[in-house]
Protein chains: 2
Amino acid sequence: MSQLQNYHMTPEEFRRYGRLVIDWIADYYENVESYPVLSQVEPGQIQAMLPLAPPQKGEEFEDILKDVERIIMPGITHWQSPNFFAYFPANTSGPSILGDLLASGLGIQGMLWATSPACTELETRVLDWMADLIALPAKFKSTGSGGGVIQDSASSAVLTALLAARERATSFQFNEQGGTNLTVYTSTQAHSSVEKGVKVAGYGRKNLRLIDVDSNFAMRPDLLKQQIESDIKEGYKPAFVAATIGTTSSNGIDPIRAIGEICQRYGIWLHVDAAMAGTAAILPEYHYLQDGLELADSYAFNPHKWMFTNFDCDCFFVADRETLIQTLSILPEYLRNQATETGAVFDYRDWQIPLGRRFRSLKLWFVLRSYGVEGLQYHIRQHIQLAQEFAHWIEADPRFILVMPPPLNLVCFRHRSGDVFTQRLLKKLNQGGKLYLTHTVLNGLYTLRMSIGQTNTQVHHVAQAWSLIQSAVAELEAEL
Amino acid sequence: MSQLQNYHMTPEEFRRYGRLVIDWIADYYENVESYPVLSQVEPGQIQAMLPLAPPQKGEEFEDILKDVERIIMPGITHWQSPNFFAYFPANTSGPSILGDLLASGLGIQGMLWATSPACTELETRVLDWMADLIALPAKFKSTGSGGGVIQDSASSAVLTALLAARERATSFQFNEQGGTNLTVYTSTQAHSSVEKGVKVAGYGRKNLRLIDVDSNFAMRPDLLKQQIESDIKEGYKPAFVAATIGTTSSNGIDPIRAIGEICQRYGIWLHVDAAMAGTAAILPEYHYLQDGLELADSYAFNPHKWMFTNFDCDCFFVADRETLIQTLSILPEYLRNQATETGAVFDYRDWQIPLGRRFRSLKLWFVLRSYGVEGLQYHIRQHIQLAQEFAHWIEADPRFILVMPPPLNLVCFRHRSGDVFTQRLLKKLNQGGKLYLTHTVLNGLYTLRMSIGQTNTQVHHVAQAWSLIQSAVAELEAEL
């Protein structure tokens with residue numbers, strides 16, 4: 001592993017290609033009026049120019065940019081043309097593009113204050129500015145009882161408001177009780193988004209069943225079946241199972257085939273969440289993770305986690321798109337158009353909650369073409385190998401307990417002295433500033449999570465982390 | 001209006017500043033290991049460095065970048081550091097950042113195939129690639145019964161799946177019937193996102209009341225009150241009113257104060273959707289649009305529409321954040337942290353549906369600082385003035401009917417010869433490629449919508465549009 005290959009774009013290459021793209025955009029704005037404002041292509045015309053598979057070997061960045069010109073531009077409707085008078089303005093501007101670029105470059109997650117305090121605090125202040133600027137009453141500011149937040153669209157804003165209103169009107173009982181007798185099943189280790197979705201969608205938290213797991217933190221199909229049968233007996237209608245490939249806490253892998261067979265038998269929708277771990281399936285040796293997926297109804301994984309692609313980019317697959325479209329479609333007059341009427345095209349607004357959407361496949365295409373399948377496989381394989389090595393070091397050190405053999409790139413471990421010591425160790429490490437890791441609780445015990453998969457993490461970073469952990473332990477032991 | 005000021009960044013300036021940002025990002029990656037991985041700031045530290053109001057006059061781009069270094073960087077947790085082993089990888093890479101930059105530059109909306117065919121077709125093909133790459137069964141590909149789509153996060157993916165499963169299990173009756181006796185009110189002119197939200201949140205479409213409008217397409221409060229009272233009499237519980245400032249079809253403006261007084265009286269949540277028109281309220285002469293907002297519970301407007309800011313960026317304000325947080329909060333162990341426990345910080349994941357979120361306030365900050373309040377006001381005022389002039393031209397031409405005096409920047413008109421002629425006119429104009437406008441139906445009649453507000457639209461673009469419209473009419477009349 002000492003001889004590292006590197007398929008990543010280096011900072012020097014980024015400077016060069018970044019200028020190309022900046023110039024490309026400047027040229028575009030200088031010439032935007034030379035394009036037909038409304039794209040004149042026929043359905044299928046763009047797809048016909050795209051190969052049926054991504055390249056095995058990475059391509060030159062210049063070639064990708066040429067294909068933007070050749071393949072993509074004929075299929076662009078120019079929302080940034082000054083002759084665009086359709087729908088509504090969907091404006092951008094120089095400062096906004098560059099602010100967005102900087103956000104892409106920093107690549108932080110703003111889900112918690114703690115995950116990048118500047119993201120939360122700038123947002124709070126700027127939204128207070130906006131409230132004043134558009135003369136909103138003071139109660140909408142963070143300095144009062146309210147506050148502002150950036151949503152992806154007005155659709156998400158009204159949905160969010162509808163949810164808060166629903167809960168206020170029912171004294172927070174609809175979240176709990178729901179409005180159906182439909183039941184939902186997931187493991188005790190599943191991601192919190194399942195519970196959140198269950199509430200949002202009106203199933204009710206009380207209708208969510210958390211199925212226990214085995215020693216590898218995988219859902220037990222026998223217990224799932226038992227619960228489903230008992231629910232049916234009591235008059236419930238089992239509707240949804242969320243299985244996980246790679247749970248957040250420990251990378252636990254639910255047995256998809258066994259779960260899928262139960263779902264088939266009872267006509268239950270099977271969703272598979274492989275948000276982080278899905279990326280491992282680009283390696284042939286991990287295709288076994290996908291065993292049983294032919295029994296699933298939907299599957300999701302996030303290139304914006306482990307596959308070198310900017311947030312946001314979750315790949316969501318359904319087996320029966322008609323059900324999805326029938327669930328989410330509404331066609332007001334102002335969105336009617338000939339292409340939609342013919343039924344020859346997909347309108348992706350019917351595949352998602354918001355109406356508006358950005359051109360997110362562009363970055364995924366760039367990643368696939370720049371790295372090639374080979375480059376992606378190389379780096380993912382390396383991350384997994386680094387995690388395996390780290391796990392061996394933990395296992396060989398009598399001061400630590402390895403909670404389980406890591407199936408992929410996440411190593412869960414704890415210090416033998418117990419929760420308090422492990423907690424102090426974490427705090428010491430993170431305050432040192434030389435690395436950052438987080439924790440979870442497994443089998444009731446405080447557990448450290450070493451997640452190895454950052455784009456530029458190499459063997460010496462992991463080795464340094466291990467040496468920092470060892471020194472921190474030694475220092476803490478000396479303090480005892 | 002011939003002497004135009006221009007606060008926009010020119011393509012030449014964009015080239016210069018774009019390189020600065022590209023170099024800044026390259027430098028960042030070269031030095032990323034020199035920062036403490038976990039930000040060491042205290043709650044409030046970043047906000048304390050930010051002024052309480054945006055600048056009146058635009059600032060130099062270099063100064064903004066300096067403040068990124070001085071104010072923002074201490075509050076960044078470095079998710080792109082190779083020493084980041086926390087949570088999960090949230091990777092980016094050169095090709096992804098540049099693909100995202102290009103998406104920002106193109107600034108298209110991918111909501112329908114027709115709104116930029118390349119966005120839909122590239123996404124379909126790339127997701128088919130991904131399905132093969134991770135060995136998904138063929139049914140998940142677009143070539144079969146299913147297909148892939150990019151969502152913002154795995155949270156949105158599981159919610160979307162939960163919704164489709166809910167509908168499948170209830171033969172599409174839950175969307176229709178809902179699970180409560182809560183009723184929702186909006187006008188016949190409201191955006192389709194209200195109906196979509198009503199279905200998603202489990203209110204049921206049958207519990208959505210569409211209130212009729214007056215001759216200016218504004219909701220009639222007398223009819224709203226009447227409907228609410230009749231619903232209460234029948235045992236329903238009115239829970240939500242969605243009022244609109246600037247409806248999609250015609251820019252109709254609901255009387256917020258009158259509606260708000262009714263909501264107060266019956267304890268109903270009032271949401272105000274000002275997605276496009278909200279931007280007009282940055283002009284003091286349009287502050288009257290905000291009259292009555294002290295009676296509202298939530299308010300949304302989209303800088304990503306008319307305020308020169310890239311999609312996605314919707315500013316959503318609530319008056320009582322506790323209700324919102326109590327509705328959406330779930331705190332699993334792996335997200336616990338000291339800052340959250342103290343309650344001293346906002347965790348914005350509890351203010352939205354997804355968990356993950358990008359640093360979207362950065363672009364809004366860049367826009368506010370680069371333009372200054374003055375620059376934003378200048379351009380918005382000009383757009384409104386252009387629309388007013390265009391409306392005068394329509395009004396003065398006996399071949400056209402101006403449907404209503406435009407309150408802001410959207411002009412609704414039709415040809416006197418009726419629907420078929422007006423429809424042919426639209427098709428001819430859009431196929432010509434020199435401009436793009438869309439239609440709606442108002443009072444049952446086919447109506448053209450001239451939406452004036454693209455960042456770079458100036459008087460000569462609107463004049464050219466008017467001359468193209470006149471020529472097209474002449475040609476169509478000659479064909480009769």
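Okay, so β10 and β11 in chain B: these two strands run antiparallel, with five bridges joining them, and β11 covers residues 445-451. If you want one pair to click on, take T438(B), whose bridge partner in β11(B) is R449(B). Keep in mind that this is a predicted model.

Now, what order do the strands come in across that chain B sheet? Reading across, you get β8-β9-β11-β10, four strands in an open sheet, with antiparallel pairing. β8 (400-402) and β10 (438-442) of chain B are at the edges, and each has a single partner strand, so one side of each has no neighbour in the sheet. From one strand to the next, the twist averages 40°.

Then there's a helix to look at. α14 of chain B, residues 419-432, packs on this sheet and touches β9 (410-415), β10 and β11 of chain B. Compare directions and you'll find that α14(B) makes about 35° with β11(B).

Right, on to how the two chains meet. On the chain A side, 234 residues are in contact with chain B, and on the chain B side it's 234 residues as well. What is the chain A side made of, by class? You've got 127 nonpolar residues, 74 polar and 33 charged on the side of chain A that touches chain B.

Strand pairing also goes across the chains. β7 of chain A, residues 314-318, is joined by five bridges to β1 of chain B, residues 147-151, and the two run antiparallel. Here the pair to click on is F316(A), which stands opposite V149(B) in β1(B).

Conventions:
Residues are numbered from 1 along each chain as its sequence is written. Chains are lettered from A and ligands numbered from 1 in the order in which they are written. This is a predicted model: local features need pLDDT of at least 70, side-chain atom pairs count only at pLDDT 80 or more; totals for chains, interfaces and linings use all residues. Two strands pair if DSSP finds at least two bridges between them. Axes are lines fitted to C-alpha atoms, for helices over the stretch in contact, and angles run from 0 to 180 degrees between N-to-C directions. Two residues are in contact if their C-beta atoms, placed from the backbone, lie within 7 Å. Ala, Val, Leu, Ile, Met, Phe, Trp, Tyr, Cys and Pro count as nonpolar, Asp, Glu, Lys and Arg as charged, and the others, Gly among them, as polar.
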